[in-house]
Amino acid sequence: MNRYQEEYRRKLVSADEAVKVVKSGDWVAYSHFAMTPRVLDEALARRKDELFDVKIRGVCALHPVKVALADPEQKHFIYNSSFFSGADRRLQDEGLAYHIPGLYHEAPGILRGNHDGPDVAMIVTTPMDEKGFFNFSVSCSYERAVCDKARTIIVEVNENAPRCLGGFQESIHISEVDYIVEGNNEPLFEVPNIPPTEVDKKIARLIVEEIEDGSCLQLGIGGLPNTIGKMLAESDLKDLGVHSEMMCNAFLDLYEAGKITGARKNIDRFKMVYTFALGDARLYEFLHNNPACAIYPVDYTNDINIIARNDKQIAINNAIEIDLYGQVCSESVGVRQISGTGGQFDFTFGAYRSRGGKAFICMSSTKKVGDRVVSRIVPMITPLGIVTVPRTVVQYVVTEYGKVNLKGKSTWQRAELLISIAHPDFREELIKHAEKMKIWTRTNKKLSLAC
Ligand SMILES: CC(=O)SCCNC(=O)CCNC(=O)[C@H](O)C(C)(C)COP(=O)(O)OP(=O)(O)OC[C@H]1O[C@@H](n2cnc3c(N)ncnc32)[C@H](O)[C@@H]1OP(=O)(O)O
Ligand SMILES: CCCC(=O)O
């Protein structure tokens with residue numbers, strides 16, 4: 001037994017033992033996405049009656065967190081998430097989850113400088129390696145920052161977690177860890193593989209034709225960016241690169257199709273760069289010990305200046321609504337938080353700044369809500385909804401009816417361009433709103449009469 005194994009044995013405790021370090025009033029940070037702790041969450045929930053005013057900070061938990069469910073009155077635990085998953089939304093609907101707004105690239109800096117903890121870090125990792133390191137696996141965005149700030153660090157080991165090579169800040173050494181808990185070794189969450197619709201395919205085609213050999217890709221979260229990636233895999237393009245915050249199945253398809261070499265990148269040449277991964281078992285298997293990929297903290301991947309250093313950086317992100325000024329809402333419907341800003345602002349801004357870069361916001365022109373069909377291009381964002389990308393930053397907007405570039409355009413031009421890619425059933429109504437908003441000119445009117 002080497003000295004790290006001895007130290008492992010000394011620090012290994014049950015989950016119930018480990019969570020005893022939490023005190024009333026503490027902030028507890030959970031690791032993110034597919035790495036959200038399970039057994040530590042359950043053990044903390046069991047301590048409900050001994051604790052008051054404990055705040056939990058998570059990111060996109062892919063199962064309903066037990067601390068939130070354990071305490072509907074929230075005297076003991078308050079659960080917060082800086083990016084809502086479906087499970088987080090369900091909790092929010094019951095009044096059991098609160099959102100922490102933020103720009104993704106700023107999160108590590110905010111945490112390191114923050115007055116609000118975290119006091120205790122609960123981080124899911126790979127098993128320890130022979131040199132004494134636990135790897136943060138597919139979630140590296142700000143796990144290191146959390147550990148830097150926390151009074152106590154507890155790792156929950158999952159034997160199924162792939163070892164994701166960095167970059168930097170992708171691991172923590174046993175000497176820094178206070179307690180080790182062996183988890184249930186559940187398989188990592190798998191994103192369901194939903195076949196693309198005809199609308200998705202039309203939007204994808206409009207974006208694919210904008211991409212050139214040597215372009216460097218970012219694909220955002222949601223069905224549409226993944227479809228676009230898969231279509232690129234069937235294209236004639238070559239020497240694509242990856243600089244993304246999210247690593248998803250589409251990148252693996254592209255890689256296996258031989259489209260990705262990273263040879264034309266200016267930084268991290270030959271590496272597929274990301275800060276977290278969410279996909280299926282095939283993707284997690286691909287990432288394990290794979291030197292073709294490099295995971296980094298999010299203040300590197302999403303730093304606007306870093307994004308801009310690769311030429312032809314392409315950002316492809318999905319939205320919920322866009323108003324006639326071009327303000328993009330991608331994270332809420334009115335007061336209902338759907339997800340978060342994540343890196344959508346960072347990549348939209350950074351890709352436009354890259355030489356030859358382009359930033360796309362894409363969405364279907366309509367959405368079925370209950371038995372109603374609503375337009376996603378709207379006169380105004382649903383009241384109290386959130387602007388994820390301001391009109392000053394947005395570049396291309398794409399629906400199945402076309403793509404428009406809003407950069408530098410006047411308000412009346414924006415209204416005209418956006419209405420031109422709205423679903424035809426909603427165009428007349430949108431024109432009436434544009435008139436009331438005084439962003440419809442005589443020129444526009446002539447155009448509308450002509451069509
Ligand atoms: C972590 C990261 O930062 S990744 C990098 C980029 N980051 C981002 O783009 C962040 C912001 N973007 C996003 O969160 C996503 O791309 C989204 C939400 C815009 C789209 O994601 P998808 O998974 O394709 O969304 P989907 O269509 O399934 O809708 C998600 C929810 O919003 C609801 N929704 C979407 N549009 C509407 C609408 N117009 N009216 C009412 N509800 C709506 C859906 O009903 C669903 O809610 P439910 O599951 O609770 O019923
Ligand atoms: C995924 C976004 C998380 C954050 O902004 O903190």
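Contact in these views means heavy atoms within 4.5 Å. The model is predicted, so local features need pLDDT of at least 70 and side-chain atom pairs pLDDT 80 or more, while totals for chains, interfaces and linings use all residues. Residues are numbered from 1 along each chain as its sequence is written, chains are lettered from A and ligands numbered from 1 in written order, and side-chain values use heavy atoms, without hydrogens and water.

**View 1. Helix H9 beside helix H10**. Helices (H or I, at least four residues) and strands (E, at least two) are DSSP runs, numbered from the N terminus. The axes of H9 and H10 come within 8 Å and cross at roughly 5 degrees. Axes are lines fitted to C-alpha atoms, for helices over the stretch in contact; angles run from 0 to 180 degrees between N-to-C directions. The two helices, H9 and H10, are therefore roughly parallel. (Under 35 degrees counts as roughly parallel, over 145 as roughly antiparallel, 65 to 115 as roughly perpendicular, the rest as oblique.) H9 contributes Asn-226, Gly-229, Lys-230, Leu-232 and Ala-233. Facing them in H10 are Asn-249, Ala-250, Asp-253 and Leu-254. By class, the H9–H10 contact holds four nonpolar, three polar and two charged residues. (Nonpolar: Ala, Val, Leu, Ile, Met, Phe, Trp, Tyr, Cys and Pro; charged: Asp, Glu, Lys and Arg; polar: the others, Gly among them.)

**View 2. Helix H8 crossing helix H9**. H8 spans residues 198–208, and H9 spans residues 223–233. Their axes come within 9 Å and cross at roughly 60 degrees. That angle makes H8 oblique to H9. The crossing of H8 past H9 is right-handed (the near helix is turned clockwise from the far one by less than a right angle; anticlockwise would be left-handed). From H8 come Asp-200, Lys-201, Ile-203, Ala-204, Arg-205, Ile-207 and Val-208. They meet Leu-224, Thr-227, Ile-228, Met-231 and Leu-232 of H9. Eight nonpolar, one polar and three charged residues make up the contact of H8 with H9. Leu-232 of H9 appears here and also in the contact with H10.

**View 3. The sheet of eight strands**. This open sheet has mixed pairing and the order S15-S13-S11-S10-S16-S21-S25-S26. (Two strands pair if DSSP finds at least two bridges between them.) Its edge strands are S15 (293–295) and S26 (402–405), each pairing on one side only. Neighbouring strands in the sheet are turned by 25 degrees against each other on average, direction ignored.

**View 4. Strands S10 and S16 with helices on the sheet**. S10 (residues 216–219) and S16 (residues 313–318) run parallel, joined by four bridges. Gln-218 stands opposite Ala-315 in S16. H8 lies across S16, S21 (358–362), S25 (396–399) and S26. H8 runs at about 145 degrees to S25. Helix H10 (residues 249–256) packs on the sheet too, touching S10, S11 (241–243) and S13 (272–274). The direction of H10 makes about 150 degrees with that of S10.

**View 5. The sheet of three strands**. This sheet is open, has mixed pairing and follows the order S18-S17-S24. S18 (328–329) and S24 (377–378) are the edge strands, and each pairs on one side only. S17 (residues 321–323) pairs with S18 over two bridges in the antiparallel sense. Glu-321 has Cys-329 of S18 as its bridge partner.

**View 6. Helices H15 and H16**. H15 covers residues 411–420 and H16 covers residues 424–436. Their axes come within 10 Å and cross at roughly 170 degrees. H15 and H16 are therefore roughly antiparallel. The contact involves Ala-415, Ile-419 and Ser-420 of H15. On the H16 side are Arg-427, Leu-430, Ile-431 and Ala-434. By class, the H15–H16 contact has five nonpolar, one polar and one charged residues.

**View 7. Two spans from the UniProt record**. In an unreviewed entry, UniProt lists "domain: Acetyl-CoA hydrolase/transferase N-terminal" at residues 4–187. The end C-alpha atoms of residues 4–187 lie 26 Å apart, and the span is 26% helix and 21% strand. UniProt, again from an unreviewed entry, places "domain: Acetyl-CoA hydrolase/transferase C-terminal" at residues 279–434. The end C-alpha atoms of residues 279–434 lie 41 Å apart, with 29% helix and 26% strand in the span. Positions follow the numbering used here, feature names are shortened, and annotations may be inferred rather than shown by experiment.
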